[in-house]
Amino acid sequence: MKKLKVWGPIVGILACIVGIYFYLSEERGLELNLKKNDPVAAKEAQTKIDKSFETPVSSDVTEEYETMKDGELIQEVHDMTHQKVEADKKWGSSEVTAEKVQTLFNVIKNKDFQNGNTKDMLLAILEPWIRKDFSNAVSAHNRIWSFQNGNTGKATRLLTPQEELEYIEDQFR
């Protein structure tokens, strides 16, 4: 009987602590969901993404494109799509910037590919990106993913601006 008198209040206190923890976790989860759907937060995130897009890159990076083989150029574009899309698995990342997009486009346009369809595919993906139109990112990712015989990591949707900004900060900052 004495053990029950000692353990009863301890179990009660622990139950209260666990209950408070889950209550606060739910409130915090609600707050995060509201922030992801908040138009003001989305606009702020998009402004930061646009600023990131204009970030200059090292000339070493852009010169490297000149020496890349067909498969490496394909992989570079694929890695760039990861910044824009939701997929259950992503291997590799490359920040999307105006300078990189334009340089890649020019290199690919002037390169002789073993397969002309590959060249056409990459140019069709990159051309809208020059104008900051990434609405094709999911189809671009999945087209390259299929071309590379992917079986895990198919893109399902575009990231929200907040998700994309989080990806940029996690991967490149």
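Lys100 and Glu76 are both buried. In this predicted model, the two residues form a salt bridge, with 3.9 Å between their closest N and O atoms. Because Lys100 belongs to helix H5 (residues 98-110) and Glu76 to helix H4, the pair ties together parts that lie 24 residues apart in sequence. This salt bridge offers a starting point from which the rest of the structure can be followed.

The protein as a whole contains eight helices and two strands. Read from the N terminus, its elements follow the order α-α-α-α-β-α-α-α-β-α. Of its 173 residues, 36% count as buried. The exposed surface amounts to about 11100 Å², and carbon and sulfur atoms supply 56% of that area. Among contacts between residues at least 6 apart in sequence, 68% join residues at least 24 apart.

Helix H4 (residues 70-81) also holds His78. This histidine counts as buried because its relative accessibility is 7%, under the 20% limit. Apart from neighbours within four places in sequence, His78 is in contact with His141, Ile144 and Gln148. Two of these names, His141 and Ile144, reappear among the buried residues of helix H7 (residues 137-147), alongside Ala137, Val138, Ala140, Asn142 and Trp145. An α-helix has 3.6 residues a turn, so residues three or four places apart point the same way. The cover over the buried residues of H7 includes H4, strand E1 (85-87), helix H6 (116-130) and strand E2 (155-158).

The loops on either side of H7 each contain a residue with a positive phi. Lys132 lies in the loop between H6 and H7, and its phi is near 65°, a positive value in a residue other than glycine. With a relative accessibility of 39%, Lys132 counts as partly exposed. Asn149, which follows H7, is placed in the loop between H7 and E2. The phi of Asn149 is near 60°, again positive in a residue other than glycine. At 66% relative accessibility, Asn149 counts as exposed.

The salt bridges of the protein number seven. In one of them, the side chains of Arg173 and Glu95 meet at 2.7 Å, N to O. This pair links distant parts of the chain, since Arg173 is in the segment after H8 and Glu95 in the loop between E1 and H5, 78 residues apart. Arg173 is exposed, with a relative accessible area of 55%, whereas Glu95 counts as buried at 13%. In another, Arg157 pairs with Glu163, the closest N and O atoms being 2.9 Å apart. Arg157 is partly exposed, at 35% relative accessible area, while Glu163 is buried at 18%. Through shared partners, salt bridges join Glu86, Arg157 and Glu163 into one network.

The last feature is an open space. The second largest pocket holds about 210 Å³. It is lined by 14 residues, of which Gln46, Ile49, Lys84, Phe134 and Glu164 are the closest to its centre. Helix H2 (39-53) and helix H8 (161-172) are the elements that give two or more residues to this lining. H2 contributes the most, with four residues. By character, the lining divides into seven nonpolar, three polar and four charged residues.

Notes: Residues numbered from 1 in each chain as written. Predicted model: local features only at pLDDT ≥ 70, side-chain atom pairs only at ≥ 80, totals over all residues. Heavy atoms only, no water. 1 Å grid on protein atoms, 1.4 Å probe; cavity = no way out; pocket = protein on both sides within 12 Å on 5 of 7 lines; lining within 4 Å. Points joined across faces, edges and corners; volume = space filled by probe spheres on them. Nonpolar A, V, L, I, M, F, W, Y, C, P; charged D, E, K, R; others polar. Buried < 20%, exposed > 50% of the residue type's maximum accessible area, 1.4 Å probe, protein only. Contact = heavy atoms within 4.5 Å. Areas by Shrake-Rupley, 256 points an atom, 1.4 Å probe, with all protein chains shown as cover. Salt bridge = Lys/Arg side-chain N within 4 Å of Asp/Glu carboxyl O.
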